[in-house]
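Here is a short tour for anyone opening this structure for the first time. Keep the 3D view handy and follow along heading by heading.

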Amino acid sequence: MRNLSLIFVSCFWAFTVSAQYAPQAGVSGSTAIIATSSQFVGWATGCTIHRGYMDIANPSSGYVTAGDSSNAIGAADHNIVSLGDSGVADLTFDHPIYNGPGADLAVFENGFPNPANAEEAFLELAFVEVSSDGVNYFRFPANSNTQDTTQIRIAGDYMNARYINNLAGKYIANYGTPFDLEELSGKVGLDIDNITHVRIVDVVGSIGAHASLDNAGRKINDPYPTAIPTGGFDLDAVGAIHQKSVSVNPLAVNIGLSIYPNPVVDKLVLSVQTIQPHLRVTLTDITGKVLQTQRLTSAVNEMNVSQYAQGIYYLIFQDDKGNRWAEKLTKL
Ligand SMILES: [Ca+2]
Ligand SMILES: [Ca+2]
Ligand SMILES: [Ca+2]
C-alpha cells in the first residue's frame, strides 16, 4: 500500500513540474489558428524593424538581412523579415485591438514540422509585448519548459510545442500563435481594450551567456547560434482577432447594428437596419463559452438575458461571408 502511494505521489509530482501546454498545429488540442481563419478581422498595417546580430556573441558577424519590414504587414503569406538575435519588430494597426472572448491577436513565423514526429517542429521563438500608448509595453508572461542543459542547434534539432507558452513561433508556418489580452488585465498603464502597438522581441535562445529568460527566470532554449542572414525570429504577420472601429468592419457597416440597453437587466434589443438572410448572434461569457445563439431575422430582435449572473458578456455577430463583429455587454 505504501509503495502504491509513493508511485502515485511521484507520478503526480512529475506531472506538475513539467507543465504541459497546447500541442503543435495539427495535433488534437492545439490552439494554433490557420492563416485563412475567419477569426482574423485585420492585420498589422505598419512595421518598424530593429535588426539584431546574426550572432550576438560575435558582433563582427553583422546584422541579419533577410526580408524587410513590408513583409510583416498584411495577411500571413510566408514572406518574412528576420529579426536576428534579440532583434525587435514594432507593429501598428489601423484600428486598436481590444480584449474580446479568448485570443485577441496571433503572430505568424515560418517554423516547419519534423517529418518523423507531428509533435515536434523546428521553431524560433519571440516574446510578444503590447502597448496602448506606443511608449509603455507589457510582455505576455512567457513559459518555456524545454530542457536547458543541451543547446538546441540550427541543424536537425526539433522542439515540442507542449513545453512552450505565450511565445510567438510556437506554431509552424501558416499557423498563428494566439495571445489573450485578458492575461494582461489590471496592469497600470495598459488599456487592454485599446491596444495600438504590438512588439515582437527575438528570443536569443542561448543557454549560456546572452540567454533570454521566461517569466519564471528559466533559460529559453531555441536554435542558437543562427549566424545566417535569416537568423533569429522570422516574422511573417500579426493578425487581429478583436479589433475596434465600426467603420472598418463590413458586417457592422452593412447591417446598421444597434444594441440597447447596455448595461442590460433582462431584455436586450438588437436592431438591424439591413436584414441579411444568415445573420446570427452568439452570446458568450467572458471566457468565450457559448451561452446562446439566435438568428436575426427581423429589424428588431429580442434576447432574454435575465437568467445570467451579473458581469461582462460578449455578443458576437456573424454573417454567411465569415464577417464577425463583437460587442461587449454588461449584465446588471
Ligand atoms: Ca481576450
Ligand atoms: Ca533565437
Ligand atoms: Ca508576411
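## A five-strand sheet

Let's begin with a small piece: strand β9, residues 126-131, runs antiparallel to β10, and two bridges join them. Within this pair, Glu 129 sits across from Arg 139 of β10. Keep in mind as you look around that this is a predicted model.

Zoom out, and the pair turns out to belong to an open sheet of five strands, ordered β3-β5-β15-β9-β10, with antiparallel pairing. On the edges you'll find β3 (46-50) and β10 (138-139), each of which pairs on one side only.

## Two domains

How is the protein divided up? The domain assignment gives domain 1 as 18-240 and domain 2 as 246-331. Taken over C-alpha atoms, the centres of domain 1 and domain 2 are 33 Å apart.

The two do touch: seven residues of domain 1 are in contact with ten residues of domain 2. On the domain 1 side of that meeting place, the residues sort into two nonpolar, four polar and one charged.

## The cores

Which residues have the most contacts inside the largest nonpolar core? They are Leu 125, Ala 126 and Ile 200, in a core of 64 residues. Several strands chip in with at least two residues each: β3, β5 (88-97), β6 (105-108), β9, β14 (175-179), β15 (195-202) and β17 (237-240).

Leu 125 is a good spot to park the camera. If you set aside its neighbours within four places in sequence, Leu 125 is in contact with Ile 164, Leu 167, Ala 168, Gly 169, Val 203, Ile 220, Asp 222 and Phe 233. There's another core too, lying apart from the 64-residue one. This other core has 15 residues, including Leu 270, Val 272, Tyr 314 and Trp 325.

## A four-strand sheet

Now swing over to a second open sheet, where four strands with antiparallel pairing follow the order β21-β20-β23-β24. Its edge strands are β21 (290-295) and β24 (324-331), and each of these pairs on one side only. From one strand to the next, the twist averages 20°. As a bit of background, strands of a sheet pair through backbone hydrogen bonds, in either a parallel or an antiparallel way.

Strand β20 (residues 280-285) has partners on both flanks. With β21 it runs antiparallel, joined by five bridges; with strand β23 (residues 311-318) the pairing is again antiparallel, this time over six bridges. For a landmark on the β23 side, look at Val 281, whose bridge partner is Phe 317.

## The hairpin and its open edge

The β20 and β21 pair is easy to trace residue by residue. Arg 280 has Arg 295 as its bridge partner in β21, Thr 282 is matched with Thr 293, and Leu 283 stands opposite Gln 292. Four residues lie between the two strands of this hairpin, and there Gly 288 takes a positive phi near 95°.

Is β21 largely buried or in the open? None of its six residues is buried, so the strand lies largely in the open.

Methods: Residues numbered from 1 in each chain as written. Chains lettered and ligands numbered in written order. Predicted model: local features only at pLDDT ≥ 70, side-chain atom pairs only at ≥ 80, totals over all residues. Pairing = 2+ DSSP bridges. Axes fitted to C-alpha atoms, helices over the stretch in contact; angles between N-to-C directions. Domains from an automatic or database assignment. Nonpolar A, V, L, I, M, F, W, Y, C, P; charged D, E, K, R; others polar. Core = buried A, V, L, I, M, F, W, Y, C linked by C-beta atoms within 7 Å. Buried ≥ 20, exposed ≤ 12 C-beta atoms within 10 Å, placed from the backbone.
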